[in-house]
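Reader: Hey, I've got a structure to look at for class and I don't know where to begin. Can you walk me through it?

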Amino acid sequence: MKKLTCPTCGAEVKQAGGEYPVTFPFCSDRCRNVDLNGWFTEAYSVPVETNRVVEQAMDEINQKRSDPKSSDGTPFLN
Ligand SMILES: [Zn+2]
């Protein structure tokens, strides 16, 4: 039979009386909460991460615009 492990701590999740624990696929409530918190943290961090990437891209574009010698050497006309 396939051994199931807790996604949070990696401990084996054992069946008790042929039933998986109510916290399945986690080994315990604690691990389940850790995972939930992780998801929430990740969800919150997504917009921040996106903004950071966009800001970096904008910085690159602005740098190219302010540097007339970049890319094809044609000054950026605005
Ligand atoms: Zn666990």
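Author: Sure. One term before we start: a donor here is an N, O or S atom within 2.8 Å of the metal. Keep in mind too that this is a predicted model.

Reader: Okay, so which residues coordinate the zinc ion?

Author: Cys-6, Cys-9, Cys-27 and Cys-31 do, each through its SG atom, at 2.3 to 2.4 Å.

Reader: And what's the geometry of the site of the zinc ion?

Author: Tetrahedral, with angles of 107 to 117 degrees among the four donor atoms. For reference, the ideal angle for four tetrahedral donors is 109.5 degrees.

Reader: How are those donor residues spaced in sequence?

Author: The pattern is C-x2-C-x17-C-x3-C.

Reader: Is Cys-31 buried or exposed?

Author: Cys-31 is buried, with a relative accessible area of 1%. Cys-27 counts as partly exposed because its value is 31%, and buried means under 20%.

Reader: Got it. Zooming out, how many helices and strands does the protein chain have?

Author: One helix and zero strands. The helix is α1, covering residues 29-66.

Reader: How much of the protein chain is buried?

Author: Buried residues are 8% of the 78 residues. The chain exposes about 6,600 Å², and carbon and sulfur atoms supply 57% of that area.

Reader: What about contacts between residues far apart in sequence?

Author: Take the contacts between residues at least 6 apart in sequence: 8% of them join residues at least 24 apart.

Reader: Back to buried residues. What does Val-13 touch?

Author: Setting aside residues up to four places away in sequence, Val-13 touches Leu-4, Thr-5, Cys-6, Tyr-20, Pro-21, Phe-24, Pro-25, Phe-26 and Cys-27. So Cys-6 and Cys-27, which coordinate the zinc ion, are on the list of residues that Val-13 touches. Val-13 lies in the segment before α1 and is buried, at 6% relative accessible area.

Reader: How far apart are Val-13 and Phe-24?

Author: They're eleven residues apart in sequence, and their C-alpha atoms are 7.6 Å apart in space.

Reader: What's the peptide bond from Phe-24 to Pro-25 like?

Author: That bond is cis, with omega near 5 degrees. Most peptide bonds are trans. Pro-25 is in the segment before α1.

Reader: What about Thr-23, buried or exposed?

Author: Thr-23 is buried, with a relative accessible area of 7%. Thr-23 also sits in the segment before α1. Leaving out neighbours within four places in sequence, Thr-23 is in contact with Ser-28, Asp-29 and Arg-32.

Reader: Changing topic: how many salt bridges does the structure hold?

Author: One. Asp-29 pairs with Arg-32, and their closest N and O atoms are 2.8 Å apart. Side chains of opposite charge can pair when their charged atoms come close.

Reader: Where are Asp-29 and Arg-32 relative to each other in helix α1?

Author: They're three residues apart in helix α1, so about one helical turn separates them. Asp-29 is partly exposed, at 42% relative accessibility, and Arg-32 is partly exposed too, at 31%.

Reader: Last one: which residues form the nonpolar patch on the surface?

Author: Val-54, Met-58 and Ile-61, with about 250 Å² of accessible area together. Met-58 is in helix α1 and counts as partly exposed, with a relative accessible area of 44%.

Notes: Residues are numbered from 1 along each chain as its sequence is written. This is a predicted model: local features need pLDDT of at least 70, side-chain atom pairs count only at pLDDT 80 or more; totals for chains, interfaces and linings use all residues. Side-chain values use heavy atoms; hydrogens and water are left out. Donors are N, O and S atoms within 2.8 Å of the metal (3.2 Å for Na, K and Ca); water is not among the atoms, so sites may look incomplete. Four donors count as tetrahedral if all angles lie between 85 and 135 degrees; four count as square planar and six as octahedral if opposite donors are over 155 degrees apart and all others between 65 and 115; anything else is irregular. Buried means under 20% relative accessible area, exposed over 50%, partly exposed in between (1.4 Å probe, protein chains only). Patches are made of residues with over 30% relative accessible area and no salt bridge: like charges are joined within 9 Å, nonpolar side chains (Val, Leu, Ile, Met, Phe, Trp, Tyr) within 5 Å. Accessible areas come from the Shrake-Rupley method with a 1.4 Å probe; for residues, only the protein chains shown count as cover. A salt bridge is a side-chain nitrogen of Lys or Arg within 4 Å of a carboxyl oxygen of Asp or Glu. Helices (H or I, at least four residues) and strands (E, at least two) are DSSP runs, numbered from the N terminus. Contact means heavy atoms within 4.5 Å.
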